[in-house]
Amino acid sequence: KPRLIDDEEGGVLFLSASASSSSSGYGFASFEKQRQRLPVYKYRTAFLYLVETHATTIVVGETGSGKTTQIPQYLKEAGWADGGRVIACTQPRRLAVQAVASRVAEEMGVKLGEEVGYTIRFEDATSTGTLIKFLTDGVLLREMMGDPLLTKYSVIMVDEAHERSISTDILLGLLKKIQRRRPELRLIISSATIEAKSMSAFFQTRRRRGLQGEEPALAMEPAILSVEGRGFNVQIHYVEDPVSDYIQAAVSTVLLIHDKEPFGDILVFLTGQDDIETAVKLLTEEARDNRKSSSGLIVLPLYSGLSRAEQELIFSPTPRGKRKVVISTNIAETSLTLKGIVYVIDSGFSKQKFYNPISDIENLVVAPISKASARQRAGRAGRVRPGKCYRLYTEEYFVNEMAAEGIPEIQRSNLVSCVIQLKALGIDNILGFDWPASPSPESMIRALEVLYSLGVLDDDAKLTAPLGFQVAEIPLDPMISKMILSSDQLGCSEEVLTIAAVLSIQSIWVSSRGIQKELDEAKLRFAAAEGDHVTFLNVYKGFLQSGKSSQWCHRNYINYHAMKKVVDIREQLRRIAQRLGVTLKSCDNDILVVRKAVAMGFFANACRLEPFSHEGMYKTVRTSQEVYIHPSSVLFRVNPKWVVYHSIVSTDRQYMRNVATIEPSWLREVAPHFYRQDGPDAMLH
Ligand code: ADP
Ligand code: MG
């Protein structure tokens, strides 16, 4: 049983623990001092007491106050990881998982992967001796399939709960159930801005019957601990007139700050890799053309998918006389704390998922952020001293048009993966599930429809055996999993595993800014008339033949790190497929069967070219939505008559990414229920 320890003792405990496990010992005193200066430190005793006496503790504290890095350590110091138990801390983002785990390992003076480890999809850096484990909320959900009560964990900290990611919401609903079966389990819900009251109401569990009379030692009502931050004042500046190009506006503002303001780092919030790379490029060009205005600037991008080395640069201290400019997605809004930021530039946008159950299209769009996000972003400027935030939108817009809060992801997502995971955990009544925020019934019905047509659910909406259980077992989008499992009968599993691995990463090509022509030419060397999927096979083959050479990648405008990831993910998928009884077999260039396997997974995303369209307009077969082939596809401007796509991104139009040609006759063959003869899909004739 963990002991309650006070601050003094805790310090001693920590020091002895780190001294025994550290090899260098050097620098610990300073880490210890840094830890004690964090706002959460003052609440250490109170916090440990609350955890001891409450099933659920909600911790609210400003970003940078020490929730993520300190709380797991406090718990470990208090004995919650004794006796073979593990402390888990979840994050919505993979990059944050790696970054905080490596920070905590460093503070504790241990090697990452040992006492402190992390797990993200396709990457497990833990060992049997791991006491504190950081993981994505999605990975923890997957662990429940093997261990439904998550018995190895003594405490589960659901961090960044304010983000309301889809996996966080599912997890919260399930953890509430687990708690009833495992009263000794402790939950910690932590967040930067939560409406702590609604979260608290969600976890308010009625005392069980039969326990009346006995005085329960454990309070079932959640405790709420609010950590006072020490944020400094942040001066907000608005633009006077709306800006038309926020990337250009952000770049000009960086140069203006650099010219006029005293030293201090700049954090710029843009929306995604493309935006960010453009801004980095504009600033780098400025540095080349106009040394004076940009000398001393260090420009760094920050988005998921960066290599470890690139991440490290972000966290390393800024050299004297220099000014760091970090250009980030909203990952730096609350998940990561960067030191030394004094100026924030807020574009007012982020990339968000939106799902429309009527059109059955989920896409990633650049959309306005909420007031809550805008405040978080501004707060990043006041960690070290009073700061300034430049909002690239008008005050009038902020006051009158921005929504107060964002919409939980579960209410704007396709629910196919969510439904299959709950089904696999034995939760059949999904509409009646205890959600922190209910998804729409329309989205739920769409998901059930797709899963039924994939053959994953039966007439009673139960997982089919073996297909349904197998699909649930593969940690990928059910459409990709179905494609892999279908490749078994078709005799092309080796090829399809490669395709699945490539679809699991962002892109295998280098970013196209400014080198569009060279990139297009390089793509032509691999392009297949059958579309992107077969093109990926050509690239993969070339990569292997080159001996996995980085020069070869460079010459062909292929992202070397992405290809290494593909090889790694493919290997893991191969093992999973083998475990599920898939026979590994290559079809030796019989591309027809590969295309069929793709169609067997993605038939629901079938589209037909509009006969009289000059612009390459397609319509989705099921819902008649207008879509176009994305310029990054090898089929862009080729416009074959029938295609299936992997995902949609929308900017000015809805664009299909990763497109493959199909024969229309396959649709009824592979999904007879979906594309009925007499139904609205008579256009298949
Ligand atoms: P919270 O979870 O409350 O937002 P964190 O625990 O992530 O806060 O961070 C607490 C403090 O630890 C930060 O203010 C920062 O000073 C320091 N810190 C966190 N991560 C790193 C890192 N990777 N490198 C250097 N310092 C870090
Ligand atoms: Mg945190």
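Angles under 35 degrees count as roughly parallel, those over 145 as roughly antiparallel, those from 65 to 115 as roughly perpendicular, and the rest as oblique. This is a predicted model, in which local features need pLDDT of at least 70 and side-chain atom pairs count only at pLDDT 80 or more, while totals for chains, interfaces and linings use all residues. Residues are numbered from 1 along each chain as its sequence is written, and chains are lettered from A and ligands numbered from 1 in the order in which they are written.

**The whole chain**

Begin with the protein chain in full, which has 26 helices and 21 strands; helices (H or I, at least four residues) and strands (E, at least two) are DSSP runs, numbered from the N terminus. Its C-alpha atoms fill a box of roughly 75 × 75 × 55 Å along the principal axes. The radius of gyration of the protein chain is 26 Å, which agrees with the value near 26 Å for a compact globule of 685 residues; this radius is taken over C-alpha atoms, and the globule rule is 2.2 Å times the number of residues to the power 0.38. Of the 685 residues, 45% count as buried, where buried means that 20 or more other C-beta atoms, placed from the backbone, lie within 10 Å of the residue's own, exposed means 12 or fewer, and partly exposed lies in between.

**Ligand 1 and helix 4**

Next select ligand 1 and the 15 residues around it, of which G64, K67, T68, T69 and R103 come nearest; a residue is near a molecule if its C-beta atom, placed from the backbone, lies within 6 Å of it. By class, this shell has three nonpolar, nine polar and three charged residues, with Ala, Val, Leu, Ile, Met, Phe, Trp, Tyr, Cys and Pro counted as nonpolar, Asp, Glu, Lys and Arg as charged, and the others, Gly among them, as polar. Helix 4 (67-77) and helix 5 (94-108) each supply at least two residues of the shell, and helix 4 gives the most, with four.

Stay with helix 4, where 11 of the 11 residues are buried, so the helix is largely enclosed by the rest of the structure. Just after helix 4, select G79, which takes a positive phi of about 100°.

**E405 and the helices beyond**

Move to E405, in the loop between helix 15 (395-400) and helix 16 (416-424). E405 counts as partly exposed because it has 13 C-beta neighbours inside 10 Å. Leaving aside residues up to four places away in sequence, E405 touches S370 and A372, two residues being in contact if their C-beta atoms, placed from the backbone, lie within 7 Å.

From that loop, go on to helix 16 and helix 17 (residues 441-453), whose axes come within 9 Å and cross at roughly 70°; axes are lines fitted to C-alpha atoms, for helices over the stretch in contact, and angles run from 0 to 180 degrees between N-to-C directions. The two helices are therefore roughly perpendicular to each other. To show their contact, select V416, V419 and I420 of helix 16 with A447, L448, V450 and L451 of helix 17; these comprise seven nonpolar, no polar and no charged residues.

Finish at helix 19 (residues 478-490) and helix 20 (residues 493-503), whose axes come within 8 Å and cross at roughly 170°, which makes helix 19 roughly antiparallel to helix 20. Their contact is made by I480, M483, I484, S487 and D488 of helix 19 and by S493, V496, L497, A500 and L503 of helix 20.
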